[in-house]
Amino acid sequence: MANQGIDTSSARKGPITHVIFDMDGLLLDTEKFYTEVQEIILARYNKTFDWSLKAKMMGKKAIEAARVFVEETGISDSLTAEDFLVEREEMLQKMFPTSDLMPGASRLIHHLHENGIPICVATGTHTRHFDLKTQRHSELFSLMHHIVRGDDPEVKQGKPSPDIFLAAANRFEGGPVDPQRILVFEDAPSGVLAAKNAGMSVVMVPDARLDSQYHQVADQVLNSLLDFSPADWGLPPFENASTKLD
Ligand SMILES: O=P(O)(O)OC[C@H](O)CO
Ligand SMILES: [Mg+2]
């Protein structure tokens, strides 16, 4: 483990040749939408949504996160996981098309692509939501070699299962790529665990409100993608490392 720096004992298991990006909360500022609708729904039951619950939900497939939500809040007798998904859907559908990029996402994706590093996305979100979230960012996502979504038939179980990252490793040119050559970027505890379960190295870029106990599993923890130094991982450095553009 390493916080705010690199742990050379666990990192560099092999030279990094391929990169997998998580999406929600890592490339796109979409976790705030889930938080907002969950706060609204819980308020009706006179309960508050907090980051200890958020930590257990984020990164998971929708139905898996929904089960955590109704069970952990004790409202499962009044609201099933399936009904919770229906209830939040209308609100989310209005929010997702407004999704913004996270700071540093565009710079890092363009940099890796321009330097010939194969990159892809592995997101727990399903195709219909993916399309809404990315509609303003099609140019950036077109730089990905491939995109694996939560409703992909190869993804039997959501994060922290390694399924989605192993499927992503399989689909690179000449795949499957050795997991030791893959660096994953994640924001969620379940996603960091999934990457480690797949045998990959992982840079965590967590929300500042997430309890720091969840940092321990990651190989490197950063406040922002703007703080990533490719050279730490043997990847081509930014030409002007002092310039932090979005
Ligand atoms: O973080 P992602 O991209 O795997 O998405 C997972 C859910 O859709 C949101 O937590
Ligand atoms: Mg995420």
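Which polar backbone atom is 2.8 Å from an oxygen atom of ligand 1? The views below start there, in a predicted model where local features need pLDDT of at least 70, side-chain atom pairs count only at pLDDT 80 or more, and totals for chains, interfaces and linings use all residues. Residues are numbered from 1 along each chain as its sequence is written, chains are lettered from A and ligands numbered from 1 in the order in which they are written, and side-chain values use heavy atoms, with hydrogens and water left out.

**View 1. The surroundings of ligand 1.** The atom asked about belongs to glycine 124, 2.8 Å from a ligand oxygen. Two side chains also offer polar atoms to oxygen atoms of ligand 1: tyrosine 34 at 3.3 Å and lysine 159 at 2.8 Å. A polar contact here is a pair of N or O atoms within 3.5 Å; within protein, one must be able to donate a hydrogen and the other to accept it, and residues adjacent in sequence count only if both atoms are side-chain atoms. In total, 13 residues surround the ligand, and the closest are Asp22, Asp24, Glu31, Thr123 and Gly124. A residue is counted if one of its heavy atoms lies within 4 Å of the molecule.

**View 2. Helix H1 against helix H4.** The axes of H1 (residues 31-43) and H4 (residues 81-95) come within 10 Å and cross at roughly 135°, so H1 is oblique to H4. The crossing is right-handed, meaning that the near helix is turned clockwise from the far one by less than a right angle (anticlockwise would be left-handed). Helices (H or I, at least four residues) and strands (E, at least two) are DSSP runs, numbered from the N terminus. Axes are lines fitted to C-alpha atoms, for helices over the stretch in contact, and angles run from 0 to 180 degrees between N-to-C directions. Angles under 35 degrees count as roughly parallel, over 145 as roughly antiparallel, 65 to 115 as roughly perpendicular and the rest as oblique.

On the H1 side, Phe33, Tyr34, Glu36, Val37, Gln38, Ile40 and Ile41 take part, meeting Phe84, Glu87, Arg88, Met91, Leu92 and Met95 of H4. Contact means heavy atoms within 4.5 Å. These residues divide into nine nonpolar, one polar and three charged. Ala, Val, Leu, Ile, Met, Phe, Trp, Tyr, Cys and Pro count as nonpolar, Asp, Glu, Lys and Arg as charged, and the others, Gly among them, as polar.

**View 3. Helix H3 against helix H4.** H3 (residues 62-72) packs on H4 at an angle of about 110°, with the axes 8 Å apart. The two helices are therefore roughly perpendicular to each other. Ala62, Ile63, Ala66, Arg67, Phe69 and Val70 of H3 meet Ala81, Glu82, Phe84, Leu85 and Arg88 of H4. Eight of the contact residues are nonpolar, none polar and three charged.

**View 4. Helix H4 against helix H6.** Here the axes of H4 and H6 (residues 127-134) come within 9 Å and cross at roughly 30°, so H4 is roughly parallel to H6. Glu89, Leu92 and Gln93 of H4 make the contact with Arg128, His129 and Leu132 of H6.

**View 5. Peptide bonds before two prolines.** Lysine 159 and proline 160 are joined by a cis peptide bond, with omega about 15°. Proline 160 sits in the loop between strand E3 (146-149) and helix H8 (163-170). Another cis peptide bond joins glycine 175 and proline 176, with omega about 5°.
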